[in-house]
Amino acid sequence: MSKLILLAGLALLVAAPASAQPAAPAPITAIRAGRLLDPDGGRVLTNQIIVVEGSRIRDVGPNVSVPAGAQVIDLSGMTVMPGLVDSHNHLALTYKPEPENNVYYYTYVQDSTALRAIQAASNGMQMLAAGFTVVRDLGNNGNYADTALRQAIEQGWLPGPTIINSGIIIGGMGGQFFPPPEMAKDHNIVYPEYLDADTPDEIVKAVRQNILFGAKVIKICVDCKPYGYTADEIRMFVREAAKAGMKVAGHVQTAAGAKNAIDGGIWSIEHSGALNDDLHKQMAAKGIWRAGTETPTGLQGHPVSQDAYARTIAGMKNAYENHVKMTFSTDADYFVAGKTRGELCLEFLKPWKDAGIPNADILRAITTNGYRIADIDKTRGTIKPGYFADLIALPGNPLDDVDALRNVQFVMKDGLVFKRDGVMTPAAFFHGGPVNGWRIR
């Protein structure tokens with residue numbers, strides 16, 4: 001009985017408000033936007049006022065009054081638009097020429113989850129500085145460093161993008177590794193980079209583990225091994241994830257694996273090397289997302305042959321012609337000297353341009369479609385009342401030249417200014433304790 005009384009007392013203590021004082025009124029900011037870009041409509045509106053109250057947009061329009069006492073930010077010489085989205089990144093992974101000779105397997109063995117979590121925080125801020133206000137972080141994050149980063153950002157402890165994280169990638173035995181028996185069986189070297197799931201019970205268990213430990217999307221290795229998942233097994237993943245309102249993303253390497261993923265009703269196919277005209281037609285018919293992660297040429301230390309790049313560009317053109325739902329995605333998990341993680345990701349605009357995709361559709365891929373594949377488009381990604389105030393501004397007009405995105409001078413995330421006049425000003429993001437809820441999952 002005494003234990004029950006103690007537990008009940010603790011529950012009341014946790015539930016009790018820390019103070020009876022009324023909450024302070026939310027700060028109000030008014031932004032003067034010389035040009036307001038609507039990526040979904042492919043148009044620019046001029047001389048708009050955006051009123052932000054707290055973390056959300058309160059009003060938008062040319063004749064909106066600036067509220068008394070509002071902080072006014074003059075971006076009348078800029079193009080204001082929604083924040084960018086990278087639909088496939090790995091924030092807690094950066095393999096390098098030194099010391100691991102660009103071998104990711106060694107990075108995982110050498111670097112602790114704690115160290116990788118700190119690096120993920122740094123990479124997240126680098127992404128935000130480049131204008132990426134949403135990152136779909138799809139695995140290879142050690143022992144749930146991605147969940148820790150998402151929780152820290154949501155708590156207000158540090159600045160960063162909205163994180164849609166997958167937790168540990170689920171696959172058949174071995175994941176993407178090929179360890180010897182001693183490492184796999186005696187030392188469990190595959191975990192925590194991959195969760196082995198080879199039977200129906202293991203599939204259910206793996207999905208539930210990721211959900212319990214804070215994943216927001218489920219990622220599977222469809223065909224990383226010869227014993228890849230069948231369409232029926234993929235349907236099992238989809239059903240189990242759906243219980244928690246989550247989608248399933250599939251790492252795909254072969255045409256047969258892509259076919260199984262399509263037939264199994266997967267939400268998105270990650271990587272595009274195995275996709276062809278027939279598979280693109282099937283994806284378009286079923287509304288399956290294509291996160292192609294097309295690597296550009298010219299990245300220092302990461303060469304792409306001309307033949308491989310030609311196939312990449314041909315595949316993008318074919319997907320576009322077939323009206324496949326395409327989204328900007330990089331698979332960034334490495335270091336390029338002289339570039340932040342965000343600057344590196346913007347190098348991935350090159351394949352889209354080389355494929356001849358119009359600027360308006362590239363902008364939709366890196367904004368509107370990114371919010372949709374992340375399944376957060378009902379609250380983020382549109383500059384209209386009620387939506388979270390995630391805004392960026394740049395001097396040029398990316399409808400005319402998409403490379404204007406490389407010069408983001410202003411970033412607002414959740415109504416707080418992170419970057420202004422090209423300088424990061426993150427102080428408002430840092431707090432000493434829970435401010436947005438207790439133990440956010």
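1. A residue is called buried here when its relative accessible area is under 20%, and by that criterion 52% of the 441 residues of the chain count as buried. The model under discussion is a predicted one, and the points below should be read with that in mind.

2. On overall dimensions, the radius of gyration of the chain is 22 Å, which agrees with the value near 22 Å that a compact globule of 441 residues would have. The C-alpha trace spans about 70 × 70 × 45 Å along its principal axes, and the accessible surface of the chain comes to about 19100 Å², with 56% of that area belonging to carbon and sulfur atoms.

3. As for the make-up of the fold, the secondary structure of the chain comes to 14 helices and 18 strands. If one takes the contacts between residues at least 6 apart in sequence, 70% of them join residues at least 24 apart.

4. One element to look at is an open sheet of 3 strands, which has the order β5-β6-β7 and parallel pairing. Its edge strands are β5 (84–89) and β7 (162–165), each of which pairs on one side only, and from one strand to the next the twist averages 15°.

5. Within this sheet, strand β6 (residues 132–137) and β7 are joined in the parallel sense over 4 bridges, and Arg 136 has Ile 164 in β7 as its bridge partner. Helix α4 (residues 145–155) packs on the sheet, where it touches both β6 and β7, and the direction of the helix makes about 150° with that of β7.

6. Further along the chain, strand β16 (residues 410–413) pairs with strand β17 (residues 416–420) in the antiparallel sense over 3 bridges, and Lys 413 stands opposite Leu 416 in β17. The hairpin of these two strands, β16 and β17, has 2 residues between the strands, and Asp 414 takes a positive phi near 55° there.

7. Strand β17 also pairs with strand β18 (residues 423–424), in the antiparallel sense and over 2 bridges, with Met 424 in β18 serving as the bridge partner of Lys 419. β17 and β18 form a hairpin that has 2 residues between them, and in its turn Asp 421 has a positive phi of about 55°.

8. Which residues take a positive phi in these two hairpins? In the hairpin of β16 and β17 the residue is Asp 414, and in the turn between β17 and β18 it is Asp 421, so a reader may wish to find both aspartates in the structure above.

Conventions
Residues are numbered from 1 along each chain as its sequence is written. This is a predicted model: local features need pLDDT of at least 70, side-chain atom pairs count only at pLDDT 80 or more; totals for chains, interfaces and linings use all residues. Side-chain values use heavy atoms; hydrogens and water are left out. Two strands pair if DSSP finds at least two bridges between them. Axes are lines fitted to C-alpha atoms, for helices over the stretch in contact, and angles run from 0 to 180 degrees between N-to-C directions. Contact means heavy atoms within 4.5 Å. The radius of gyration is taken over C-alpha atoms; the globule rule is 2.2 Å times the number of residues to the power 0.38. Buried means under 20% relative accessible area, exposed over 50%, partly exposed in between (1.4 Å probe, protein chains only). Accessible areas come from the Shrake-Rupley method with a 1.4 Å probe; for residues, only the protein chains shown count as cover.
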